[in-house]
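Me: Could you take a close look at one part of this model for me? I'd like the helix packing and the residues around it, in one connected walk-through.

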Amino acid sequence: MSHLALHWHGRRDLRVEARERPPLAPDEVRLSVAYCGICGSDLHEYAQGPQAIPTVTPHRLSGVKAPLVIGHEFCGTVIEVGSDVQSIALGDRVAVEPEYRCGVCTACVRGDYHLCDDWGFAGLMGHGGMAQEAAVPAYMLHRLPDGVSFEDAALLEPAAVARHAINRAGEVYGARCAVVGAGPIGLLLVQLLKLFGASEIVATDMSEARCAKALALGADRAFSPRDDALTANHFDVVFEAVGVQSALDAALTATRKGGKVILAGLFVETAQMNLFDMVNREVSLLTTLGYRDCYPDLMNHIATGRFAPAQIVTRKVPLDRAVEDGFEALLGRPEEIKILVQPNG
């Protein structure tokens with residue numbers, strides 16, 4: 001039996017192709033995919049890759065190399081379970097936490113599975129969710145509460161990135177916070193900072209539409225860096241959510257003495273910092289990778305009406321239009337924020 005899936009073959013080479021249904025491993029679960037979001041990482045692989053996608057040697061945990069099924073922000077309904085799986089049942093609505101983990105390395109043993117020695121993502125280092133069906137290890141799955149829609153569930157993965165970035169920052173209640181870049185991660189940061197009681201939230205982005213969205217989601221101010229600048233030496237915590245030199249410069253300048261800068265953006269090029277200035281202001285620079293133990297908390301906030309991540313969705317597209325109306329739209333139109341692919345639509 002076959003199904004359709006979007007395969008990454010190379011830079012600017014994504015193809016919807018039929019894929020035979022492989023047999024399940026004993027610890028795997030197969031789901032019918034409801035939605036799969038297009039992430040900034042997917043865009044980088046499409047426009048500039050390969051960056052994370054293995055092309056020569058298969059990933060150690062997935063056993064997969066390109067061509068592979070792209071997409072790691074996905075959710076759906078369980079249609080088959082492996083012989084050893086007891087935690088998930090047929091018909092369960094689930095979200096996928098797509099980080100591979102070995103379970104035996106030092107990081108995994110201490111609970112930092114996002115830092116696993118063989119870390120990777122389904123959809124980047126293994127077959128992912130931009131397909132009518134997907135098979136993943138059972139440990140990646142979270143049952144969805146009744147109050148969590150598939151639209152919100154498709155945003156759990158980027159929301160977990162934002163949540164983990166806040167965890168890295170520490171307590172934000174009462175803090176003055178800035179978010180440099182109002183893309184999907186930046187806008188989810190705005191929502192969560194509002195939820196967690198930040199006293200001031202300022203966002204910047206080159207897109208007027210994204211600034212307007214930041215204001216609608218709880219930012220006190222939002223503006224283009226072309227028109228204004230973040231107040232220097234003012235903010236307790238600044239989240240850099242772009243991954244470019246100019247955004248990093250703005251974030252470092254805006255941070256108060258003794259404040260923190262959290263790098264949530266994906267830097268694909270080398271960046272520079274004035275370490276003399278950072279030392280003299282005792283600015284802490286923290287990086288953030290993926291997430292761990294974030295999904296349950298986020299699902300609870302969604303189910304109880306305190307968090308609605310699907311507000312950043314601007315479009316839903318069928319699988320056969322994922323490249324033209326999804327990837328290309330995100331690369332060419334800044335007013336697009338989060339596009340969901342609906343493989344079984």
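What follows is that walk-through, going from helix pairs to single residues.

Reply: Sure. Keep in mind that this is a predicted model.

Let's start with helix α5, which covers residues 184-195. Its partner here is α6, residues 208-216. The two helices pack with their axes 9 Å apart, at an angle of about 20°. Anything under 35 degrees counts as roughly parallel, so α5 and α6 run roughly parallel to each other. The crossing of α5 past α6 is right-handed. On the α5 side, the residues making the contact are Pro184, Leu187 and Val190, while α6 brings in Arg210, Lys213 and Ala214. Sorted by class, that contact of α5 with α6 has 4 nonpolar residues and 2 charged ones, with no polar residues.

Now pick out Leu189, which also sits in α5. Leu189 is buried, and its relative accessible area is 0%. Setting aside neighbours within four places in sequence, Leu189 is in contact with Ala162, Ala165, Ile166, Val179, Phe239 and Ala241. Three of those names bring us to α4, since that helix takes in residues 156-169. As for Glu335, 146 residues from Leu189 along the chain, the C-alpha atoms of the two are separated by 18 Å.

Glu335 comes up again with Ser207, a residue in the loop between β12 (200-204) and α6. Here the C-alpha separation is 6.9 Å, for two residues 128 apart along the chain. Ser207 is in contact with Glu335, and with Pro334 as well, once the neighbours within four places in sequence are left aside. With a relative accessibility of 8%, Ser207 counts as buried.

Back to α4, then, and its meeting with α9, the helix at residues 295-303. Their axes come within 10 Å and cross at roughly 110°. The range for roughly perpendicular is 65 to 115 degrees, so α4 and α9 are roughly perpendicular to each other. The α4/α9 crossing is right-handed. From α4, the residues involved are Leu156, Glu157, Ala159, Ala160 and Arg163; they meet Tyr295, Asp297, Leu298, Met299 and Ile302 of α9. The class count for α4 with α9 is 7 nonpolar and 3 charged residues, and again no polar ones.

While we're on α9, have a look at His301, which is found in that helix. His301 is buried too, at a relative accessible area of 9%. Its contacts, leaving out neighbours within four places in sequence, are Leu195, Phe196, Arg306 and Phe307. Leu195 falls in α5 (residues 184-195), so there is a contact between a residue of α9 and a residue of α5 as well.

Last, the cysteines. The disulfide count comes to 0. Cys211 is in no disulfide, and the nearest cysteine sulfur, on Cys177, is 17 Å away. A disulfide needs the two sulfur atoms within 2.5 Å. Cys211 counts as buried at 7% relative accessibility. Cys294 is likewise in no disulfide; for that residue the nearest cysteine sulfur belongs to Cys39, 15 Å away. Cys294 is buried as well, with a relative accessible area of 1%.

Notes
Residues numbered from 1 in each chain as written. Predicted model: local features only at pLDDT ≥ 70, side-chain atom pairs only at ≥ 80, totals over all residues. Heavy atoms only, no water. Axes fitted to C-alpha atoms, helices over the stretch in contact; angles between N-to-C directions. Helix = DSSP H or I, 4+ residues; strand = E, 2+ residues; numbered from the N terminus. Parallel < 35°, antiparallel > 145°, perpendicular 65-115°, else oblique. Left-handed = near helix turned anticlockwise from the far one by under 90°. Contact = heavy atoms within 4.5 Å. Nonpolar A, V, L, I, M, F, W, Y, C, P; charged D, E, K, R; others polar. Buried < 20%, exposed > 50% of the residue type's maximum accessible area, 1.4 Å probe, protein only.
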